[in-house]
Amino acid sequence: MAERICVGAIAGAFGVRGEVRLKSFTSQPDDIAAYGPLWSEDGKRSFTLRLTRPVTGGLGARLSGVETREDAEALKGVTLWADRERLPSLPDDEFYHTDLIGLSVYDAGGVLLGKVRAIYDHGAGDILEIHGPGRKQNLLLPFTRAFVPTVDLAAGRIIADPPEDAEE
């Protein structure tokens with residue numbers, strides 16, 4: 001099976017003729033239409049996608065096989081996945097979130113801080129959630145060059161420079 005990356009999610013129905021409200025996770029939201037066919041997470045369903053219009057909180061879209069509002073409502077919460085080879089190659093300083101999740105994170109002295117559990121985008125930039133052994137709460141670290149100077153995908157590790165008070 002081809003490796004797939006999550007590129008969007010269906011947020012619900014839009015209108016009465018099977019249109020969906022789509023949330024795109026691509027850097028340019030409209031680009032999601034270029035990566036098809038898109039798949040459900042389990043790979044059992046595939047969809048061709050046609051964007052129809054911008055809507056509040058996302059994009060309006062038509063998906064193949066979705067003809068009624070009920071069909072669209074039944075897909076609410078379904079994530080959409082694209083075959084990795086259909087996605088563009090990234091510059092050296094950009095990464096797909098899926099490539100970062102699970103990487104070990106070390107400080108500059110080589111001490112293991114934990115592993116990347118999740119990545120959040122709150123608009124001002126990505127935040128890495130790092131879960132570590134013996135840590136009371138997860139470390140949240142801005143994904144900037146100042147705090148994360150090195151990402152080595154080949155070695156499966158990240159070198160981070162967290163603020164002093166982050167280790168408490």
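Let's start in a loop: L90 sits in the stretch between β7 and α2. This is a predicted model, and in it L90 is partly exposed, because its relative accessible area of 31% falls between the limits for buried and exposed. Setting aside neighbours within four places in sequence, L90 is in contact with F95 and Y96. A11 is 79 residues away from L90 along the chain, and the C-alpha atoms of the two are separated by 27 Å.

**The protein as a whole**

The protein has 2 helices and 13 strands. Its C-alpha trace spans about 60 × 30 × 25 Å along the principal axes. Of the 168 residues in the protein, 35% are buried. If you take the contacts between residues at least 6 apart in sequence, 46% of them join residues at least 24 apart.

**Two serines in strands**

Now for a pair of serines. S24 lies in strand β2, which covers residues 19-24, while S104 is found in strand β8, covering residues 104-107. Are they buried or exposed? S24 counts as buried because its relative accessibility, 15%, is under 20%. S104 also counts as buried, at 12% relative accessibility.

Here they are beside the leucine from the opening:

| Residue | Location | Relative accessibility | State |
|---|---|---|---|
| S24 | strand β2 | 15% | buried |
| S104 | strand β8 | 12% | buried |
| L90 | loop between β7 and α2 | 31% | partly exposed |

What does the side chain of S24 make a polar contact with? The partner is the side chain of T26, at 2.8 Å. A polar atom of the S24 side chain also lies 3.0 Å from the backbone oxygen of P29. P29 appears again among the contacts of S24 beyond four places in sequence, together with V7, G8, I32 and L59.

For S104, the contacts beyond four places in sequence are L112, G114, K115, G156, R157 and I158.

**Nonpolar cores**

I32, a contact of S24, brings us to the largest nonpolar core. This core has 21 residues, and those touching the most other members are I10, L22, I32, L38, L49, L63 and L87. At least two residues each come from β1, β2, β6 and β7 (79-83). The largest share, 4 residues, is supplied by β1.

L38 shows what the surroundings of one core member look like. Apart from neighbours within four places in sequence, L38 is in contact with V7, I32, R45, S46, F47, L49, L80, W81 and A82. A second core, separate from this one, has 14 residues, including L103, L128, L141 and I158. I158 is also one of the contacts of S104.

**The largest pocket**

How can one see where empty space is left? Rolling a probe the size of a water molecule over the atoms shows it. In the largest pocket, that space amounts to about 1,300 Å³. Two or more lining residues come from each of β1 (4-14), β2, β6 (58-63), α2 (97-100) and β12 (150-152).

Which residues of the lining lie nearest the centre of the largest pocket? They are F25, S27, F95, H97 and D126, out of 39 lining residues. By class, the lining has 20 nonpolar, 12 polar and 7 charged residues. F95 takes us back to the start, as one of the two residues listed as contacts of L90.

Key:
Residues numbered from 1 in each chain as written. Predicted model: local features only at pLDDT ≥ 70, side-chain atom pairs only at ≥ 80, totals over all residues. Heavy atoms only, no water. Buried < 20%, exposed > 50% of the residue type's maximum accessible area, 1.4 Å probe, protein only. Polar contact = N/O pair within 3.5 Å; in protein donor to acceptor, adjacent residues only side chain to side chain. Contact = heavy atoms within 4.5 Å. 1 Å grid on protein atoms, 1.4 Å probe; cavity = no way out; pocket = protein on both sides within 12 Å on 5 of 7 lines; lining within 4 Å. Points joined across faces, edges and corners; volume = space filled by probe spheres on them. Nonpolar A, V, L, I, M, F, W, Y, C, P; charged D, E, K, R; others polar. Core = buried A, V, L, I, M, F, W, Y, C linked by side-chain atoms within 4.5 Å.
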